Amino acid sequence: MDFTYDDEQQALREAVRGLLATAYADHDARRRTVADDPGFDRALWGRLAEMGVLGLPFSETDGGVRAGPVEIGIVCQELGRVLAPEPYLASVVHAGGLVAAVGTAEQKADLLGRLSAGEIVLAAADTSPGGRWASRADGVRASVSDGSWTLDGVADPVMGGASADHLVVTAALPDGGTGVFVVDAFAASVTGYVAADLTRAASVRFEASAATPLGEPGRDLSPSIATISDLTRILGANQALGVMQSQVRATTDYLTSRKQFGVTLNTFQALTFRAADMYVSLELAHSTVDWATMTIAGGDREVVADAADRVGLQVSRAARHIGEEAIQLHGGIGMTAEYAVGVGTAHLTVLEQWLGNAGHHLTRLAARVTEHEMVDAV
Amino acid sequence: MQLELSPADAEFRGRMRDFFTTKVSPEIRNTVLEGRHLTRDQIVEAQRTLNAEGLAVPHWPVEWGGQEWTDLQRHLWHEEMQRAGVPIPLAFNASMIGPVIAHFGTQEQKERFLPATANLDIWWSQGFSEPDAGSDLASLRTTAVRDGDDWVVNGQKTWTTLGQYGDWIFTLVRTDPEVKKQAGISMLLIDMTTPGVEVRPIELIDGGHEVNEVWFTDVRVPGDLLVGELNGGWTIAKFLLGNERVGVAPVGATKRALAALKANAGPLMDDPLVRARVAELENDLLALELTALRVVAHSSDGAPHPASSVLKLRGTELQQAVSELALDLAGPASLAARAGDDSPQEGWARRSAPTYLNLRKASIYGGSNEIQRQIISRTILGL
């Protein structure tokens, strides 16, 4: 049992932090980047590819580095720390994860090789309007005719979809079950929009859109799809952790520097006690994030699914608490787009509603609550 | 980063589990598991069983019965004890005065007190708080005045837990009223059978007799019962209160209470609201347990992990929350709190209201949760 990062992991964190600092030294830089399409910094994306960060989850034969979940979690924490709008979670972790899980060797070498090299951006389309974290776009149906597959229907929200070169779509199969398909962005009707945290999402309409099935055509891939969603949730929790760490730091800095009534705000115990409670939420979330990330290495789907629910619930609660208090303790400036702390709360909100909110995870945990005597950490 | 226990630690845990579940009196364990009160004799018997195996005071120096365990192993020992329903060694002996005497005491004091303290041949009480010195402990006013070789003690201590069983009491007394309040405090060990010591019970809201007032009227204490340096008591108090990294939060006992609640709830577990409350508490306890593990497993050499300060705060909140849920599940049956054993209401339900009321203490003792927030905001956040 060990909850510490080794030297190589620390070095990775420092390297990623250093690179991100070149692009997002301050919140103004992030603000400028999200003001224009594509909503992220393509030059930074290229440098992340050069550093091997985009290929972190994938095997060497597919052009990747094959790092572990802890390393990917470190990258996500650092992205969260500066509210980086790059679609790492959507493109690399989620869409890339689907390709890696279900694609053929050729498909993986092609798509993941180009993704790792920064040549293409992928987006996972797994939600239809009205969908709630089911890991399948219920409104998208796959059809096959003479061995050629097409998709029809609407996927929305598709995180990172506005700038994706290829969409990785979960769609209902003609004979039941859910398949995963790759669709060129130009074969679908993609309408980009700005999400609540100023990152980019899209509404995607498929109309007899040519699609390539990943893996064995027509096979139900639901278990793999669900697992990749769970991995994305756990890594998204790492990203949220980075956001919350920044918010707690910013709030304490503010309380010690901002003056009212002739004194700094940390003179007021009503405020410092609330900051202490934010720290409690942060540390409990941090422990749960570390734990959930470590469960991935064991490779047991059910364990990972359970961990995703548990970290999803813990981090959702912490995100509401810390995100709301960070704004409140800052006062008016926390409401402004020019200040990172409130935008961080917007980002936490997007992560939560994208990946699964507290109610969703609690419902799933409550359904299983009589299946065990107690929950043990080890 | 590694989630699994090492083979050696897993073997260690198995050994602890085996001992606790097979060598400690089943009657005592069932009393704990069912949330009933232990007698003095049961507490003594349990600690002697542990001590005979070297498991009562593992954190003490080896020459006085300690074990050279890692913090993680001590954590596993502590959790397995709670899981098995084995009473934790009496905190006043094992966690408080024992380590203090081992660290600050004279060789004579160590030989006289440590073996008897580990074996619970001496039952120690704690004489720190006073009516006007609670969270502001340094304001204490009980005085000790030198008279020949003796000290003469006058004053009053309060909230002395299980003082009715106490043989000896370790006290903080004012030995110099002229200096800054922290600088004039010393620690004295007092035999509670000495003339002038009087223990008066305080009845609590749960109907129990758990705490006491202890009055000192011209109590003569031999000079060799001063611990550490004269007027060095505040240093000792800080050592005693800040000594602990393991077992700060009652994780295992709260998990066990929640598991018992589920087993007792019967058809109420079909209620979606109840299921949600239980699931949320299980998740919160998991986060707490993981934080406790993070604190003990992060390294075995360095200073305490900063997150340790959240353990007491959150641990007591969750302990209270589980007792609240048990009370809500008991419903009207909880009214039979002081009914006899022939009551048709189930025992857990009858105990639920007193337990709920009793556990309000948890966020007050050992440094109230407001003090914990103060520590977090000042020393961790720099506010």
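**Strand β4 of chain B**

I began with the side chains of β4(B) in this predicted model, and found that B:W168, B:F170, B:L172 and B:R174 point one way from the strand while B:I169, B:T171 and B:V173 point the other way, every one of them being buried. In a regular strand the side chains alternate between the two faces of the sheet. Because seven of the seven residues of β4(B), residues 168-174, are buried, I noted the strand as largely enclosed by the rest of the structure.

I then looked up the partners of the strand. β1(B) runs parallel to β4(B) and is joined to it by four bridges, with B:G127 standing opposite B:T171. Strand β5 of chain B, residues 185-191, pairs with β4(B) in the antiparallel sense over seven bridges, and there I found B:L189 as the bridge partner of B:F170.

**Helix α6 of chain B**

Next I checked the length of helix α6 of chain B, residues 107-118: at 1.5 Å a residue its twelve residues should span 16 Å, and the end C-alpha atoms are indeed 16 Å apart, which agrees. Which residues of α6(B) are buried? I listed B:F113, B:L114, B:T117 and B:A118. Looking down the axis of α6(B), I saw that these buried residues fall within an arc of 115 degrees, so they line one face of the helix.

On the face turned away from the buried side of α6(B), I found the exposed residues B:E108 and B:E111. The cover over the buried residues of α6(B) includes α3 (40-52), α5 (91-104) and β1 (124-127) of chain B; I had already met β1(B) as the parallel neighbour of β4(B). Just after the helix, B:L120 takes a positive phi of about 55 degrees.

**Helix α10 of chain A**

I made the length check again for helix α10 of chain A, residues 340-355, whose 16 residues should span 22 Å at 1.5 Å a residue, and whose end C-alpha atoms are 22 Å apart, in agreement. The helix is mostly covered, since I count 13 of its 16 residues as buried. A:G356 follows α10(A) and has a positive phi, near 135 degrees.

**Domains of chain A**

Chain A is divided into domain 1 (7-116), domain 2 (122-221) and domain 3 (223-371). Taken over C-alpha atoms, the centres of domain 1 and domain 2 of chain A are separated by 22 Å, and I found 18 residues of domain 1 in contact with 17 residues of domain 2. On the domain 1 side of this contact, the elements giving two or more residues are α5 (88-102) and α6 (105-116) of chain A, and α5(A) supplies the largest share, eight residues. By class, I recorded eleven nonpolar, seven polar and no charged residues on that side of domain 1.

**Contact between chains A and B**

How many residues does each chain bring to the contact? Chain A brings 37 residues and chain B brings 43 residues. On the side of chain A that touches chain B, I noted that α7 (222-257), α8 (269-296), α9 (301-330) and α11 (358-367) of chain A each supply at least two residues, and that α8(A) gives the most, with 14 residues. I closed the entry with the classes on this side of chain A, where the residues divide into 22 nonpolar, ten polar and five charged.

Terms used. Residues numbered from 1 in each chain as written. Chains lettered and ligands numbered in written order. Predicted model: local features only at pLDDT ≥ 70, side-chain atom pairs only at ≥ 80, totals over all residues. Expected span 1.5 Å × (residues − 1). Buried ≥ 20, exposed ≤ 12 C-beta atoms within 10 Å, placed from the backbone. Arc of directions from axis to C-beta. Contact = placed C-beta atoms within 7 Å. Nonpolar A, V, L, I, M, F, W, Y, C, P; charged D, E, K, R; others polar. Domains from an automatic or database assignment. Pairing = 2+ DSSP bridges.
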